[in-house]
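User: I am new to this structure and should like to see how its terms are justified. Please show it and begin with the end of a helix.

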Amino acid sequence: MRLLFGSFFTFLLAAMIGLGATWFTLTRGVAFGSLTIGAWTAWPKSGTQDIDPYAHASIARDGELPIGIGDGVAFYAHADDTGQEFDGRCTFALSGMTPPARYWTVTLYNLEGGLVANAIDRHGFTSGEILRNVDGRFTITVAPQARPGNWLPTGGIEHFVLVWRLYDTPIGVAATTMKEGPMPAIERKGCS
Amino acid sequence: MIRWLLWILGGILLGGVVHLATVLAMPQAATQDAYSRLAPIAPVNTMVAMPAPTAKTSVIPFMDPAFAAAVCRYDLSTGSIKLNAPVSEAYTSVTFYTRNSIAYYAINDRAAGKRAIELDLMTPEQHAQVPEEEDVTAADRLIIDSPTTTGLIVLRALAPEPGLMPMARQALAAAQCHSEPVQ
C-alpha cells in the first residue's frame, strides 16, 4: 500500500515537474546560443541544422519558418534599452546605426507574431524606404499616434515585439566576434 | 521520512526525463507547425504564392511583410525536385526546411551569382545514384540533400518599398518547382 502511494506520488510529481518545465521553457522562448546587442537578441543557430532542441520545439509549436543563416539573421526586442517592456501606448525612438547588411527590415508584431492593425497600414520599414539624416543616420518613432518622419504605429496594443532582420549579412555567421555590430538604440519617450 | 525524501527525489529525476522527452518529441508532435499550416494551401511539388500577412490573417507567424513569398511543399518519394527561380530586382532568397521546420539550407541571389537560382533537391539516396560524370558536367547546377523526404522550399523576394511589391510577386510567379520522376 505504501509502495503504491509512493510510486503514485512520484509519478504525479514527475508529470508536474516535467510538463511544467516544458510548458515554461516553450512559452518563455528558452534557447541557447543567443547573440545580444543592446536591447536586441538573435539566435543565429535557429537558422541552421544545429538548432537547439528548445528553439526547435518552440518553432514547431508556434508554426514559424525561421530565417535561414544563408539568408539573414533576425534580432528580437521585447523591451527598451533600460529593460522596460514595450507598451504600445507609449512612444519609443529607435535611432542610430545598423550592422552591415545588403538590406534590413524592421517590423512590429503582437506577441503571437501577427501584424497590428493601424490607420496607415504600416507594419515596418525597409532600409530602402527609410528617411535618413544627411549623415546616414535615422530615427524611427514607434508611437500610437501619428508622428512626423518615420512613424511606426503601435495600434495602441499593450505589448508588442520589434524584429530587426538583416539580409545578406556577415552577422551571425561569425557569431563570436560580435563587438562590431551596432544595433539601433531604443529610448522610451513617454506615454499617452 | 527518508523514504518520502527518496520518493520526492525520484519524482524530480523522473520529471527531468519527462521534460527532456517532451521537448524532444515536440517537433514531431506539433500539429500546427509550418508544414501543417501550409498543407491546405500548397499542393505537393508545385510553387504557389503565399498569402501576404495582414493585420487580420497570417498563415505563418513572424513573416516579414516587406517580402513576397512563395512556397513549394515537396515530396521526394517520387523523384528529385528541380527548382528554378528567377531573381527579382532587389533581393531574392531560397530557404529549405525539413518536414519539422529546420532551416537546413538557405541561399540568396548574390551567392547563387546568376540571373536565376537553379537547384536540384534530392534525398541522399537519390544523390548517390546520380552518375558521376553527370555530377561533374552539371557542376554549375547545385545539388542539395534533403534530410527528410518531405519539406518546404520557401522563396522570398524583397519589395524595398510597398510600391515595388507587385514586381516582387511577379518575379516569384515565374518560379517553378517540379518533380523529376526516377528513370
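Analyst: Helix H2 of chain A is followed by Gly63(A), whose phi is positive, near 80°. This is a predicted model, in which local features need pLDDT of at least 70, side-chain atom pairs count only at pLDDT 80 or more, and totals for chains, interfaces and linings use all residues. Residues are numbered from 1 along each chain as its sequence is written, with chains lettered from A and ligands numbered from 1 in the order in which they are written.

User: What makes H2 of chain A a helix?

Analyst: Helices are DSSP runs of H or I with at least four residues, strands are runs of E with at least two, and both are numbered from the N terminus. H2(A) spans residues 53–62, and its ten residues therefore satisfy the minimum of at least four.

User: Why is H2(A) called mostly covered?

Analyst: Eight of its ten residues are buried, among them Tyr54(A), His56(A) and Ile59(A). A residue is called buried because 20 or more other C-beta atoms, placed from the backbone, lie within 10 Å of its own (exposed: 12 or fewer; partly exposed: in between). The cover includes helix H1 (2–28) of chain A and helix H1 (2–29) of chain B.

User: How do you know that chain B is in contact with chain A?

Analyst: Contact requires the C-beta atoms of two residues, placed from the backbone, to lie within 7 Å. By that criterion, 50 residues of chain B are in contact with 52 residues of chain A. H1(B) gives the most to the side of chain B that touches chain A, with 15 residues.
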